[in-house]
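Me: I'd like a close look at one part of this model, the charged pair that ties two separate helices together, and then how the rest fits around it. Could you walk me through it in one go?

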Amino acid sequence: MHLTRYLFRRILMLVPVFLVLSSVIFLMIEAIPGDPAQIMLGQHASPEALEKLRHKLGLDEPVYIRYGKFVGRLVRGDLGDSIMSGRPVAEELKEKLAATIELSVFAMLIATAVGILAGFISAWKQYSLFDYVSMVGALVGVSMPIYWLGFMLIILFSLHLGWLPTSGRLDATMSLVSTTGFYLIDTLLSGNWNAFVNVVRHLVMPAICLATVPMAIIARMTRSSMLEALNQDYVRTAKAKGVGANKILFVHAFKNAAIPIITVLGLQFGYLMGGAILTETVFSWPGVGRWVLEGILARDFPVIAGGTMAVAGLFVLVNLCVDILYAFVDPRIRY
């Protein structure tokens, strides 16, 4: 199948995917117990006031009507207003999403660089001391609770050593004009190097915490994929022909081992976006995860729906990019 048709078909498949996603998210939100009107007005609110607020929020309408309005607003790009703050959800989402994406990308860069390098060297030096140490480290990384690691990092690097800040994206004493919402980019655009260093210092600990599990998984996958590729006949043939070790490793073996690694990278990036709640809570990071958690506690349904749809949508788009990468890495893939 021609590449253009393949891409068009993959993009077209996003329509039913988003439709199913919106339905599942709406039904899950409906299943959350609690009354937003009661939470907003308190336990001592009169029945008349509660009824009036429920009518204002549309909570007294049948489920199918609320679902129709929910899908209609999504199609128009209208996520409604937050019940708690009264601000448009899209406006709040823009701020929170930028913080989460910046953290996730920074964490993914760490996980990818360290994970692939460790897995690559482990496969190259199989059964060496580095191989044993890195694989034990990967096993520990997969098994380690994120919240516990976050607290340990804060105790060591913030409280004892005083090297890194404990929370937030930027020191309160520093000012920054937010243009894109991505502080690293904004500091570079404004040429504010002191703020840039400050933003990086705030990013280091939550990014390491968030990157630990993906880093371990990528390292293990890279090692196993490389070992499988190195044991193939074409590698033995290349060795018999006197091809250099570097060419065998980087051209022949790594290229063929890349597809499962790309798959893991895509999945892990999606999980980073959706699984940042604990990390954002531990480090008081003002991202989508923490925002949605606060929305759940307050039964703020528009916030829950907007945040969840945004994260789920990004997960779908990342996997679309992975599928497109498949087609470039291996031209035989056109499904």
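Reply: Let's start with Asp131, which counts as buried because its relative accessibility is just 2%. Keep in mind that this is a predicted model. So what does Asp131 pair with in a salt bridge? The partner is Arg223, and the closest N and O atoms of the two are 2.8 Å apart. The pair joins distant parts of the chain, with Asp131 in helix α7 (residues 129-143) and Arg223 in helix α10, 92 residues apart. Arg223 counts as buried too, since its relative accessibility is 17% and the cut-off for buried is under 20%.

Stay on helix α10 for a moment, which covers residues 193-230. Ser225 is also in this helix, and with a relative accessible area of 7%, Ser225 is buried. Which residues does Ser225 touch, once its neighbours within four places in sequence are set aside? They are Ala257, Pro260 and Ile261.

Helix α10 also turns up in the nonpolar interior. The largest nonpolar core has 34 residues, and Leu93, Val288 and Trp291 are those with the most contacts inside it. Two or more residues of this core come from each of α6 (89-124), α10, α12 (245-274), α14 (288-297) and α15 (301-329). Of these, α6 gives the largest share, with 9 residues. A second core lies apart from that one; it has 13 residues, including Leu21, Ile304, Val316 and Leu320. As general background, nonpolar side chains tend to be buried together in soluble globular proteins.

Val288 is a handy place to zoom in on the big core. Leaving out its neighbours within four places in sequence, Val288 is in contact with Leu93, Lys96, Leu97, Thr100, Glu280, Gly307 and Val311. So much for the packing; back to the charges.

By the same kind of search that picks out Arg223 and Asp131, the model has 7 salt bridges. How do some of the others look for exposure? Take Arg290 and Glu294, whose side chains meet at 3.8 Å, N to O. Both sit in helix α14, 4 residues apart, about one turn of the helix. Arg290 is partly exposed, at a relative accessible area of 27%, and Glu294 is partly exposed as well, at 43% relative accessibility. Set that beside Asp131, which is buried at 2%.

Then there's Glu95, whose side chain meets that of Arg87 in a salt bridge of 2.9 Å, N to O. Glu95 is partly exposed at 40% relative accessibility, and Arg87 is partly exposed with a relative accessible area of 28%. What else is linked in with these two? Glu91 is: Arg87, Glu91 and Glu95 make up a network of salt bridges.

Last stop, the outside. A nonpolar surface patch of about 700 Å² is formed by Tyr147, Trp148, Phe151, Met152, Ile155, Leu159 and Leu278. Which helix gives the most to the nonpolar patch? That would be helix α8 (residues 146-160), with 6 residues. Met152 is in helix α8, and at 35% relative accessibility Met152 counts as partly exposed.

To come back to your pair: Arg223 and Asp131 join helix α10 to helix α7, with Asp131 buried at 2% and Arg223 buried at 17%.

Terms used: Residues are numbered from 1 along each chain as its sequence is written. This is a predicted model: local features need pLDDT of at least 70, side-chain atom pairs count only at pLDDT 80 or more; totals for chains, interfaces and linings use all residues. Side-chain values use heavy atoms; hydrogens and water are left out. Patches are made of residues with over 30% relative accessible area and no salt bridge: like charges are joined within 9 Å, nonpolar side chains (Val, Leu, Ile, Met, Phe, Trp, Tyr) within 5 Å. Accessible areas come from the Shrake-Rupley method with a 1.4 Å probe; for residues, only the protein chains shown count as cover. A salt bridge is a side-chain nitrogen of Lys or Arg within 4 Å of a carboxyl oxygen of Asp or Glu. Buried means under 20% relative accessible area, exposed over 50%, partly exposed in between (1.4 Å probe, protein chains only). Contact means heavy atoms within 4.5 Å. A nonpolar core is a set of buried Ala, Val, Leu, Ile, Met, Phe, Trp, Tyr and Cys residues joined through side-chain atoms within 4.5 Å.
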